[in-house]
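These are my notebook entries on what I looked up, going from the chain as a whole to single strands, helices and side chains.

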Amino acid sequence: RRTRTPVSFTIRELAMLSILSCGASAYFVGAPLPQQTAAAQLGSRSCAIDMSIVKLGTRGSPLALAQAYETKRRLAEAFPDELGADDAVEIKVIKTTGDMVLDKALKDVGGKGLFTKELDVSLLNGDVDCCVHSMKDVPTWLVPGTILPCNLPREDTRDAWISPSGKLPQELPDGAVIGTASLRRQAQLYAINPTFKCVNFRGNVQTRLKKLEEGIVDATMLAKAGLNRMNLEEHITAVLEWDTCLPAVAQGAIGIQIREKDEKMSRYIGALNHEPTKVAVDCERAFLAALDGNCRTPIAGQAKIVDGQLRFEGLIAKVDGTTVLRTSRTGPLSDAAKMGTEAGEELKAKVGGDALAFFGEGEVLPEPKSSVTGVETDGLGGYVKGEYAMDESGKDPGFAKAQ
């Protein structure tokens, strides 16, 4: 069985990160650097003064900020005496490599870890106390020293189809150009019509909607969850059901990552966990892990609770859509991870035990020439110039609160 190499840190690097964090804290409070070992410093804030403010790390796109401020609101509601004040939880925007490299497909620049590595480092060195993620961006492995014990209530997990012509995928003419950087979506679209041309189409949600208006593609697909969270549902042409396009693993879910053995943050974040979402996401991520899945692999998986039982559907496909294999499971909630693992192993066995060989080398065609292609990015998923410029304040974008 092949395994992927996770983002790794040596013991020396972890120690230095922790020492630097403690040193910075001591500098600002005018205290000497505590004489603690690196191991004791990791996973706690004891090396600095006991701060009541929670520092919350996030990417800087409007969607990421909406999710971060939703987390802040939930913390204030759960702990009004401790975290109810507006300045009790500080939002810290962290630029990630995945946000800064927008002219290439994710598979060509390292995959999902590009959206989390800088957040991991900030968490480990104590710059932030927790990180808020879109769960579908989180690799199946976590950096040692961190845990992800919390999922907020999940939004609609389905894909939204957006086409200025108003046509559904089955109604588009042969040769239609569809903007998507996702091999999962590409494979399922090619299964509908192999003459479609799928091209790279990245940037934050607002940027992609603006590029769609330029007419450089005939349609695009976005997670409905993000559009819901940003109150942008009016752009949706149709919502695709699972039998048309099975969503990505953990799509629509928000996850909160903290350091191991951080008792304060465990208490805060644990109070926000939505167990039905956590059960479903754990099942889906176990499926992905069994298949060694990443951004280079067309894999889809969704679980939901129906009449007290967990129902799971999974899919793997060749990038060109010529082969699509599906599986399903139903079982008790307590078997969530087991169900996901067994479903992944079933599909892996169907392709001779080597899922990566089955997938082969996928390709996403370059984005067509447009008025914004090649423009310097601002590092936050937007563009610098004109109407594509994005607010860098890190303030709450003011979208409707997700229920």
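Entry 1, strand β8. I began with β8, where Ala-219, Met-221 and Ala-223 point one way and Thr-220 and Leu-222 the other way, and where all of these are buried. I noted that the model is a predicted one, and that the strand, residues 219-223, is mostly covered, with five of its five residues buried. The split into two sets is in keeping with the rule that in a regular strand the side chains alternate between the two faces of the sheet.

I then asked which strands pair with β8, and in what sense. Strand β5 (residues 159-162) is joined to β8 by four bridges and runs antiparallel to it, with Ala-160 standing opposite Leu-222. Strand β6 (residues 177-179) is joined to β8 by two bridges, and here the two strands run parallel; Ile-178 stands opposite Ala-219.

Entry 2, the chain as a whole. I stepped back to count elements and found 13 helices and 13 strands in the chain. Of the 403 residues, 56% are buried. I also looked up how far apart in sequence the contacting residues are: among contacts between residues at least 6 apart, 71% join residues at least 24 apart.

Entry 3, strand β10. I turned next to β10 (254-259), which is mostly covered, six of its six residues being buried. Both of its faces are covered, with Ile-254, Ile-256 and Ile-258 on one side and Gly-255, Gln-257 and Arg-259 on the other. For its partners I recorded that β3 pairs with β10 in the antiparallel sense over five bridges, with Gln-257 of β10 as the bridge partner of Cys-131. Strand β4 is joined to β10 by four bridges, and these two strands also run antiparallel; in that pairing Ile-147 stands opposite Ile-258.

Entry 4, Cys-130. Staying with β3, I looked at Cys-130, which lies in that strand and is buried, with a relative accessible area of 0%. What does Cys-130 touch, once residues up to four places away in sequence are not counted? The contacts include Val-54, Lys-55, Leu-56 and Gly-57, then Leu-123, then Ile-256, Gln-257 and Ile-258, and lastly Met-265 and Ile-269. I also noted that Cys-130 and Ser-266 are 136 residues apart in sequence, while their C-alpha atoms are 9.8 Å apart in space.

Entry 5, helix α10. Two of those contacts of Cys-130, Met-265 and Ile-269, led me to α10, in which Met-265, Tyr-268 and Ile-269 are buried. These three cover an arc of only 90° around the axis, which puts them on the same side of α10. The general reason is that an α-helix has 3.6 residues a turn, so residues three or four places apart point the same way. I then looked up what the buried residues of α10 pack against, and the elements are β1 (54-58), α3, α4, β3 (130-134), β4 (146-151) and β10.

Entry 6, aromatic pairs. The structure holds three aromatic pairs, and I followed the one formed by Phe-79 and Tyr-268, which is edge-to-face, at 4.9 Å centre to centre and 70° between the planes. Phe-79 lies in the loop between α3 (62-78) and α4 (80-83) and Tyr-268 in helix α10 (residues 263-270), so the pair ties together parts that are 189 residues apart in sequence. Both Phe-79 and Tyr-268 are buried. As a separate ring contact I noted Lys-304, which lies over the face of Trp-242 at 4.8 Å from the ring centre.

Entry 7, helix α6. In α6 (residues 117-124) I found Leu-119, Asp-120, Ser-122, Leu-123 and Leu-124 to be buried. The helix is followed by Gly-126, whose phi is positive, near 85°.

Entry 8, Asn-193. My last query was a loop residue: is Asn-193 buried or exposed? It lies in the loop between α7 (183-192) and β7 (197-199), and its relative accessibility is 11%, so Asn-193 counts as buried, the cut-off being under 20%. The side chains of Asn-193 and Asp-174 are joined by a polar contact of 3.0 Å. Leaving aside neighbours within four places in sequence, Asn-193 is in contact with Leu-172 and Pro-173 as well as with Asp-174.

How values were computed: Residues numbered from 1 in each chain as written. Predicted model: local features only at pLDDT ≥ 70, side-chain atom pairs only at ≥ 80, totals over all residues. Heavy atoms only, no water. Phe/Tyr/Trp six-rings, centres within 6.5 Å; stacked < 30°, edge-to-face > 60°. Buried < 20%, exposed > 50% of the residue type's maximum accessible area, 1.4 Å probe, protein only. Lys NZ or Arg CZ within 6 Å of the ring centre and 35° of its normal. Polar contact = N/O pair within 3.5 Å; in protein donor to acceptor, adjacent residues only side chain to side chain. Contact = heavy atoms within 4.5 Å. Arc of directions from axis to C-beta. Pairing = 2+ DSSP bridges.
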